[in-house]
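Let's take a look at how this protein holds its ligand, and then at its disulfide chemistry. Have the structure open as you read.

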Amino acid sequence: MRKLTMMTAAAALMAASTSVQAEDVEVLHWWTSGGEAAALNVLKEDLQGQGIGWQDMPVAGGGGTQAMTVLRARVTSGNPPTAVQMLGFDILDWAGEGALADLNIQAGLEGWDDVVPEALQQFAKHDGKWVSAPVNVHSTNWVWANKAILDELGIAVPTTWDEFVAALEKVKASGKTPIAHGGQAWQDATVFDAVAMSTGGPEFYKKAFIDLDEETLGSDTMKEAFDRMAVIRSHVDDNFSGRDWNLATAMVINGDAAFQMMGDWAKGEFLNADKKPDTDFLCFRFPGTQDQVTFNADQFAMFAQGKEVGKEQAALATAILSPSFQSAFNVVKGSVPARTDVSDDAFDACGKKGMADLKAAADSGNLYGSMAHGHANPAAVKNAMYDVITAHFNGEYDSATAVEELVTAVQINK
Ligand code: GAL
């Protein structure tokens, strides 16, 4: 896995040496799966329609860990890309280093303050300046299910942890794989986001992952969350290690597995395979998190390169925030718009539910930044948490040890 990462990074750096024309945008991103690429095409075509060329700089690796490594290398070598897909605290970190272009002129002219939800503005603005253009809102506490398998086995959508475990047992007894999972640190953490929220509830989630409260991190509830991760682990297939998330989604699409716990980018894969919600697949919140949303938002930050925001960078930001783009892109991507004034007409049942859930969670104070996707704490803490969650998932720690290691990891890295 590590070897693959380094190869991907090296290939990306080589690709970076191809020349970029003045009116081109060079976009570093990690949208390389079928569904992600289909969504990205919506943006490429929009810009091409305006006469702006697109230099693609894909860095494979869900969750963006590898992309952020390549970005650091590009900036260090004095050759940052024009625009970069980024998440939460990474945006604030780069803005703190003074690396990002000021988008206040575009934001002012287009009224971004009035239409982008507060939860996103927290990560899109730094020192009162807009420094990134929000593309979408994803959320991580979803389950994706193969409807035919559930129908055949007489499984109703589980609404509690106990019902979920009973469903997993039923699938196991049928000989199918209960949970499609890819054993990569960010995927383990994505599952943990939902399991921790379900086990301890929203106050627990906030105290542990956003406030980094030591007592909560070291609590019996946290131990219970790890115990539940061990139950999940006992329902994945033998080949899960290192598997890419979209290949896990394919297992559900193809009827090899019943469920996947994954953010709503997974829906992009179902759609790309011509599958329909409520007919071929089901989307529901992880049992016990029906009222909560753990979100992440993809944004594009523009690297200033010591200059004013470039014409092509401004055009990219404007294109991203336009209401028609927000609808067209997010319908394909599986996410929901980053503006509150976009109609849900064009969205399918899961998209409509995603939009309604987001609004309800924001209104009731149940919207929380995703730990797994860089919206709860900076990369150093996030990565330290990843290490513990993954070591436990792979049986290196029992739950009690994982709790102790989590507390220590946070103490050292916060
Ligand atoms: C997330 C990102 C999504 C999706 C996913 C898997 O971090 O927000 O847009 O790309 O990774 O690659």
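Of the 14 residues around the ligand, which come nearest? Keep in mind that this is a predicted model. The ones that come nearest are Trp 31, Glu 36, Asn 296, Asp 298 and Lys 333.

The shell as a whole is a bit of a mix: six of its residues are nonpolar, five are polar and three are charged. It's also a shared job, with domain 1 (2-138 + 297-352) and domain 2 (139-295 + 360-413) each giving at least three residues to the shell around the ligand.

Now for the polar side-chain contacts to the ligand. Here are three side chains, each with its distance to a ligand oxygen atom:

| Side chain (N or O atom) | Ligand atom | Distance |
|---|---|---|
| Trp 31 | oxygen | 3.0 Å |
| His 138 | oxygen | 3.4 Å |
| His 373 | oxygen | 3.0 Å |

How much of the ligand's accessible area does the protein cover? On its own the ligand has 300 Å² of accessible area, and the protein covers 100% of that. As for where it is, the ligand sits in the largest cavity.

On to the sulfur atoms. A disulfide is a covalent bond that joins the sulfur atoms of two cysteines. With a cut-off of 2.5 Å between cysteine sulfur atoms, the count here comes to one disulfide. The partners are Cys 283 and Cys 350, with their sulfur atoms 2.2 Å apart. And which hand does this disulfide have, left or right? The torsion about the S-S bond of Cys 283 and Cys 350 is about -110 degrees, so the disulfide is left-handed.

Methods: Residues are numbered from 1 along each chain as its sequence is written. This is a predicted model: local features need pLDDT of at least 70, side-chain atom pairs count only at pLDDT 80 or more; totals for chains, interfaces and linings use all residues. Side-chain values use heavy atoms; hydrogens and water are left out. A residue is near a molecule or strand if one of its heavy atoms lies within 4 Å of it. A polar contact is a pair of N or O atoms within 3.5 Å; within protein, one must be able to donate a hydrogen and the other to accept it, and residues adjacent in sequence count only if both atoms are side-chain atoms. Accessible areas come from the Shrake-Rupley method with a 1.4 Å probe; for residues, only the protein chains shown count as cover. On a 1 Å grid over the protein atoms alone, a cavity is a set of points where a 1.4 Å probe fits but cannot get out, and a pocket is an open set with protein on both sides within 12 Å along at least five of seven lines; lining residues have an atom within 4 Å of a point. A molecule sits in a cavity or pocket if more than half of its atoms lie within 2 Å of its grid points. Ala, Val, Leu, Ile, Met, Phe, Trp, Tyr, Cys and Pro count as nonpolar, Asp, Glu, Lys and Arg as charged, and the others, Gly among them, as polar. Domain bounds come from an automatic or database domain assignment.
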